[in-house]
2 protein chains.
Amino acid sequence: MNILEHIREELPWLDANSTYDLTRGKPAPEQLDVVQNIIAQIEIPFELDGIDLRNYGNPEGLPSARKLGASILKSDYDETHALDNSSLTLMHQIVSCSFFLGFKNSKLNSASKIICPVPGYDRHFKLLENFGIEMITVPFQEDGPNLNAIQKILKTEKNVHGMVCVPRHSNPTGHSYSDDNVKRLFELACPHKENFSIFWDNAYACHDLDETIGQTPIDQIAKANDMEHNYFQVGSTSKITLAGAGVSFFSSSKNNLEVFVDFRNAITPGPNKINQGMHVKYFEAVPVEQQMQKLKEIIKPKFELVDQYLKPLQEEGKCTYTKPTGGYFFSFNSSNNNADQIIKYCGDLGLKLLPVGACFPYQDDPDNRNIRLAPTFPDYATLERCLKIFTKVVNHLN
Amino acid sequence: MNILEHIREELPWLDANSTYDLTRGKPAPEQLDVVQNIIAQIEIPFELDGIDLRNYGNPEGLPSARKLGASILKSDYDETHALDNSSLTLMHQIVSCSFFLGFKNSKLNSASKIICPVPGYDRHFKLLENFGIEMITVPFQEDGPNLNAIQKILKTEKNVHGMVCVPRHSNPTGHSYSDDNVKRLFELACPHKENFSIFWDNAYACHDLDETIGQTPIDQIAKANDMEHNYFQVGSTSKITLAGAGVSFFSSSKNNLEVFVDFRNAITPGPNKINQGMHVKYFEAVPVEQQMQKLKEIIKPKFELVDQYLKPLQEEGKCTYTKPTGGYFFSFNSSNNNADQIIKYCGDLGLKLLPVGACFPYQDDPDNRNIRLAPTFPDYATLERCLKIFTKVVNHLN
């Protein structure tokens, strides 16, 4: 009997038609129900802050939406803009602006190289790859990106013009960068600051599930290092309210924001202020902390479940992983350097996983060991079935 | 007494604090009231077409929103995607995709030149300028861009890789391209079709105020010339429902749409489907034709008023202009090549106009004669005051 037949026998509920999916970091319908219940009670605002939300204009966003963004990103109001529905689209526009117009201390070009801690967010890597920007990977140390690796790259490589970071509950590893790590990172980058962009995707700024370290806001660390023009922080409410229908935020130096407004004026007559107004009303009804508490009650048991299934595998030396204190992912590393095989077998059994290398630039996982697990979308019972398939496969292969 | 003192005496209601503005093509609050009255009665849809609108995904947009887009653009459903709130942002993404990844017959690069009929849309020009793309201007003939000028450019210039068009109620001239004009345009471009992009911004597809010529859909003309991969049509509901909070649409060949979905997957986890759903519900309540009729009742008297004020100036040889059959603008050409002066005097009297050259690439109006007038935003009485200031200035200077 081959492995697949074995597992099918062990999991009698498996049939040829069932599909299980741990690929994408999507909120579960139960999370979205929480949001819907609130939104359904809000009247769409057509005027706010004395501004007609129905018309063009206000490229920097509604004042009260900017206030909301500043409270989520822990940034200064004056240095925070509220924009459209996707922080990833914003990152594309920031990179475009750097590439074609340049910010004060950020002038990307086709020879530019960007440091990428790995495993990381697949869409970041694809976005940079599409600009023809070379990505150089660094591993993680316990409290953030590996500083020795960064130091070595900055010493030996030319045209290193930036770094991409998910500083809290990093996608997918769950790392939350310590202040010491970030300060040292800025110190290392400082000699290169005439052209060094720190892309700071704070996608999981308030997505704690367990106690997570406190973090000094990026603008304060940047300013202390005289590098206020070197960071580009983005975030959104996509995983706080509705996925894909949230509001994104951008924080950087005032000078950078001015350049960006000018750039955006050529590519949009202004952000969707109705959606911004809806979000302002939403968080008047439910403060962000209270909202995150409600979502945590749905997500946390799923994270506990993943941990419960992976723990024995780690104890038997078959894998390594760290239970994240928040965010949306688990990052699994197979001890047998056979991620491709695990993914294939899972696929054959109806469990979709991202392809091998998905969390690496150029889809290249040099050790063939990393698999991102996204446990939020399936309901608890379905998640448990996903985990049964996954752990059975690992147990058979490792 | 100088000119300003003269005019101030003739217009006793003018005071130092009043501001009048004919710069931007913004809907009037009365237009937006029409929309608000409908929207306020619609329940936000959270599911449609069997799709959960609250979550990520569906990079091509909601089926029923795509249907709406196809009906507005007169394109095929299969070749139409529904996306986010700005067709201009879409155009930026299409140009980015052509520049960095390339479509089948569209591979822009830093040596590319694009043909631009002038006067044209300022944000198009700024967008292309920011990519470092050279713009070559052509004038208009009665039924569209001047074909002789285009032919000459294609014969004499290298790296001419496309053209940007607003084919119906062109911004700001009001031209609606005839089928003959468009067919000839495709014939001229055909020998260059391996790398030729026709950016077709159909922003005013259904914004007729008077009878306007019928137009064969672009995809049909493109297909007849075996150039289905050479056009990129965009449009939106921004000037049909809410400005800045509408839904944008993209139509092109299936092959191009596939390339674009792949490109978009690196820069967004999907469009705002809640907003798309709202728009689908909106047009279930009020069909597009009925909506445009309501808006026309507000806009048309303003266009009549502009015409009434400009006509005597044209009859006296002081200017030329054409009364548009739709859209948002009048394009005024001073016979004295003194647009800068007219704009300056108007500004001194409190009437804001776009700076000279605004409707030309690189802000260069070689004849110093064109001024775009955007009469939709002010109410009727305020518009009349704007026109009094404007015509007094022209009468004194010309």
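**Exercise 1. Determine how strands E14 and E16 of chain A pair, and place them in their sheet.**

Solution. Step 1: In this predicted model, strand E14(A), residues 330–334, pairs with E16(A) in the antiparallel sense, and the pairing runs over four bridges.

Step 2: A bridge can be located at residue level, since Ser331(A) has Arg372(A) in E16(A) as its bridge partner.

Step 3: The open sheet to which these strands belong has three strands in chain A, ordered E13-E14-E16, with antiparallel pairing. Strands E13 (319–320) and E16 (370–373) of chain A are at the edges; each has a single partner strand, so one side of each lacks a neighbour in the sheet.

Step 4: Across E14 and E16 of chain A lies helix H12(A), residues 339–348, at about 45° to E16(A).

**Exercise 2. Describe the side of chain B that touches chain A.**

Solution. Step 1: The contact involves 45 residues of chain B and 45 residues of chain A.

Step 2: Helices of chain B that each supply at least two residues to this side are H2 (29–39), H4 (87–100), H5 (122–130) and H10 (273–285).

Step 3: By residue class, this side of chain B consists of 23 nonpolar, 14 polar and eight charged residues.

**Exercise 3. Identify which residues of the largest nonpolar core touch the most other members.**

Solution. Step 1: The core holds 239 residues, and those touching the most other members are Cys346 and Leu351 of chain A together with Cys346 and Leu351 of chain B.

Step 2: With residues up to four places away in sequence left out, Cys346(B) touches Leu351(B), Leu353(B), Ile389(B), Phe390(B) and Val393(B).

Key:
Residues numbered from 1 in each chain as written. Chains lettered and ligands numbered in written order. Predicted model: local features only at pLDDT ≥ 70, side-chain atom pairs only at ≥ 80, totals over all residues. Core = buried A, V, L, I, M, F, W, Y, C linked by C-beta atoms within 7 Å. Buried ≥ 20, exposed ≤ 12 C-beta atoms within 10 Å, placed from the backbone. Contact = placed C-beta atoms within 7 Å. Nonpolar A, V, L, I, M, F, W, Y, C, P; charged D, E, K, R; others polar. Pairing = 2+ DSSP bridges. Axes fitted to C-alpha atoms, helices over the stretch in contact; angles between N-to-C directions.
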